[in-house]
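Colleague: Hey, got a minute to walk me through this one? I'm new to it.
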Amino acid sequence: MDERVRWDDARRLAYAAAPGPVLEWVPVAEAAGRTLAADLRAGIDVPHYPSSAMDGWAVAGAEPWILVDGGPLTPGSATGVATGGLIPGGTLGVLRHEYGAVRDGVLHRSPDAPDTEPGPGTHVRPVAREAQAGDVLLGAGTTLTPVALAVAVTGLHDTLPVARRPRVALLHTGDEVITSGTPGPGQVRDSLGVLLATLVTQLGGEIVSAATVPDDAGATRVALTGTDADLVLTTGGTGLSGVDLVRPALTALAAEPVVPRLATRPGGPALLARPPGGPLVVGLPGNPLAAVTAALLLAAPALAAMLGSGLAEPGRVRAGEAVAGRAGADLLLPCTLPPAVRGAVPTAWTGSGMLRGLVHADVLAVVPSVGAAVGDELDALPLPWR
Ligand SMILES: Nc1nc2c(c(=O)[nH]1)N[C@H]1C(S)=C(S)[C@@H](COP(=O)(O)OP(=O)(O)OC[C@H]3O[C@@H](n4cnc5c(N)ncnc54)[C@H](O)[C@@H]3O)O[C@H]1N2
Ligand code: MOO
């Protein structure tokens, strides 16, 4: 049986396998970038009083208008209002400053005032035009952008119910992986640690631990379970050699293989498994481009589910050049979108051990096994750091 899962099915399975959000309250000033865990309703009508949209005069009845100090107005009277000022009772509409002239305490329309001004409701912002008290202003799952925070404050919210940041443990396997100094032959500097920590943070998670585990079955098993994280991301050790121990360790733990492998290149050996009672485990291949690709396909959807945000639909791009396919797998290629080409062009570095191409890439384009001709529409995964 082919246990390799297509890239799009893998995203959905990862999203479905992850637990939902845990709610916590944070002050609005500390909530930027967080994800709302519950609908936020307006605590007041927005706006909550009728206000002027212009500097000018609130008028009642037909001109001329005798200026009075405040309202309520009776027909033939007017009072000065500033933008945002309270519209007094009895007001017909607002005559903006440019279209009025005051002589001897009496307001007249100027000759260039439009015929329609002032009419009923001119330049008046009615109560609740934007929202009524109780309306949902921001839905659960909304990312708290600067604008969303402002809307929350307008709706009278000083603390916000947000999804607790998913707690993520990083586990690097491989005796050859070193974290400082110059690597000798057969050794490699850990480049995935900083990459994944940054990516996880950008995706809304929180790194709670980062450890390196030697190529030892027992140590790998212990490391996979000895954590209170919500999600464990392992690197390396997903392959077939005697020192690739992530898969055997998960089998020994009787973990449910939610995504046993991916039908993609790079990233084919990646996996997502659920040990009983333990945190979700995403096994990323050691080859760096394969690791990032798999992180976007498996870890990103799992984190989105834990945050209660939706599973983002992939984008679409046109192939900017012909690309040969690869039998039995979808190619996920770092591509730029040069304006002159009007399509996706693979970077010069698409090997699974190479990261250079991703630095300048705009998307990961999905090239089906049959390949792509110039102009073909392709699915494309956005890159979270773009
Ligand atoms: N006989 C076969 N060999 C391989 C196959 C296969 O099907 N048959 N698949 C290849 C594919 S595809 C991939 S991807 C890799 C998967 O490798 P592992 O997940 O087992 O990773 P390692 O063997 O531990 O390391 C691979 C590579 O990555 C480097 N690495 C590991 N960790 C890090 C790190 N933290 N930072 C930077 N680089 C890292 C490591 O040094 C190796 O060069 O297997 C293929 N082989
Ligand atoms: O997933 Mo591997 O990096 O395809 O060679």
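Modeller: Sure, starting with ligand 2: one of its oxygen atoms is 3.2 Å from a polar backbone atom of G268. That's a polar contact, a pair of N or O atoms within 3.5 Å. Bear in mind the model is predicted: local features need pLDDT of at least 70, side-chain atom pairs count only at pLDDT 80 or more, and totals for chains, interfaces and linings use all residues. Residues are numbered from 1 along each chain as written, chains are lettered from A and ligands numbered from 1 in the order written, and side-chain values use heavy atoms, leaving out hydrogens and water.

Colleague: Which residues are around ligand 2?
Modeller: R265, P266, G267, G268, P269, N287, A290 and S352, each with a heavy atom within 4 Å of the ligand.

Colleague: And how far is an oxygen atom of ligand 2 from the side chain of S352?
Modeller: It's 2.8 Å from an N or O atom there. For G267, a ligand oxygen is 2.5 Å from a polar backbone atom.

Colleague: New topic. Where is P64?
Modeller: P64 is in the loop between β5 (56-59) and β6 (65-67); strands here are DSSP runs of E, at least two residues, numbered from the N terminus. The peptide bond from E63 to P64 is cis, with omega near -5°.

Colleague: What about phi of A128?
Modeller: Near 65°, so positive, though A128 isn't a glycine. Most residues other than glycine have a negative phi.

Colleague: Is A128 buried or exposed?
Modeller: Buried, at 18% relative accessibility. Buried means under 20% relative accessible area, exposed over 50%, partly exposed in between, using a 1.4 Å probe and protein chains only.

Methods: Polar contact = N/O pair within 3.5 Å; in protein donor to acceptor, adjacent residues only side chain to side chain. Helix = DSSP H or I, 4+ residues; strand = E, 2+ residues; numbered from the N terminus.
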